[in-house]
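Here is a walk through the structure below. Please keep the sequence at hand while reading.

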2 protein chains.
Amino acid sequence: MNSKKNTEADILKAAKKIFIQHGYAGARMQAIADEAKINKAMLHYYYRSKEALFGRIMDGAVDLMSQQFRKALSGTAPVMDKLKALISSYTDTINQNPYIPIFILNEIARNPINFQSKMQRKLEEENVLQNFMLQIMEEQEKEILRPLPIPQFMLTVMSLIVFPHIAKPVFVRVFGISDAGYAGMMEDRKELIYEMMQKTMTL
Amino acid sequence: MNSKKNTEADILKAAKKIFIQHGYAGARMQAIADEAKINKAMLHYYYRSKEALFGRIMDGAVDLMSQQFRKALSGTAPVMDKLKALISSYTDTINQNPYIPIFILNEIARNPINFQSKMQRKLEEENVLQNFMLQIMEEQEKEILRPLPIPQFMLTVMSLIVFPHIAKPVFVRVFGISDAGYAGMMEDRKELIYEMMQKTMTL
DNA sequence: GTCTATATATGGATAGAC
DNA sequence: GTCTATCCATATATAGAC
């Protein structure tokens, strides 16, 4: 049996862990090799360079995120229903991949143009974001949704959904919460966020 | 005239810019020297090491943030009034120092324990945070505020206040907003955030 | 495919002249 | 206090044996 696939996958898994933990500049190829229990040279054999390897990990993260948006925001359901789906699926996904938001944020700071083009390409495939924003405007005209600039609307939802996962490292320390406890809080927040949007964004 | 003070301050200013832009691991001493228009050796002459220099910058950022909390949350005003003050002063401060939140966030990821001890020491000086949380509980008992676990309450406020500044790099690109336009949005959000808290957190 | 050894580059830090 | 030159450790990347 050929062990190629295993090594290749092992490297990806290790790289994901190390890059997410330390960011691009802080990550060491040696640390990735150690984590994958293989030799440093293997990293280059399979992925040629640090930048290339990092790109693979970032692609995976972008895929994961854009998938959430596509699944939740496509179709013809009312805006508030779509939001409910987004809140739920995003929370579940991040609970399983806790450090993805921070990782993505670092990359945005490091190389905003590269990140945005990756993300936008994904979302433009089916015009997901564009269509959703049009739908918001429609519902605003129909006086279902409160008239509010689209960026403000989007910013508000994303704040409530994403920030708690970014701030996790602080909050667990300040309030002495366990990982499981925090995940539970995130679960409770699903309803809280929906309720807040309902009370403040609908007419 | 002695130019010592100028150089020393120049370095700090340059270091702030470079560290904030690239994070600790990504920042280069050479880049800081270039930015300050002095020699690399000078950095070590004044601040001995990269880590020490970074520490100074971080201290400044922590000071700035903890000051906001102390000013807004001390005293005997009702919780909602304090929040209004916090929303306003925090927004103003960040509009003038746009990348502080991302910088702090990166440091939390890099060295959570060190950061938290710095921050906590600042806030413990006058028991700011502790007292504020007690006040929230009091108002919850008096049925002014909705009964909600304190961490959830804090997480919600902080999400609405902080996240928009973190997400700025993405949003300006996705929506094609100028820096001034974004600052304006943040200004508008002051009222929006207060209103959301009012509608969803008070009884 | 996998390893050891090594090349090459870069970054932080120091020595020493002025 | 400021500079040039240099040291030394570390990091990425490659060569070449097995």
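The text starts with the two domains of one chain and then turns to the two chains.

This is a predicted model, in which local features need pLDDT of at least 70, side-chain atom pairs count only at pLDDT 80 or more, and totals for chains, interfaces and linings use all residues. Residues are numbered from 1 along each chain as its sequence is written, chains are lettered from A in the order in which they are written, and side-chain values use heavy atoms, with hydrogens and water left out.

Chain A splits into domain 1 (1–48) and domain 2 (57–201); these bounds come from an automatic or database domain assignment. Taken over C-alpha atoms, their centres lie 29 Å apart.

Six residues of domain 1 of chain A contact six residues of domain 2 of chain A (heavy atoms within 4.5 Å). Together the two domains bury about 610 Å², with 79% of it on carbon and sulfur atoms. Buried area is the accessible area (1.4 Å probe) that two parts lose on being put together, summed over both. On the domain 1 side, Lys16(A), Ile20(A) and Tyr24(A) lose the most area, together 69% of what that side buries.

The rule finds zero salt bridges across this domain interface (side-chain nitrogen of Lys or Arg within 4 Å of a carboxyl oxygen of Asp or Glu).

Now the two chains. A turn of 180° and a shift of 0.0 Å along the axis lay chain A on chain B with an RMSD of 0.1 Å (least squares on C-alpha atoms of residues with pLDDT of at least 70 in both). That is the relation of a two-fold axis. The copies meet through the same surface, because 100% of the interface residues of chain A are also interface residues in chain B.
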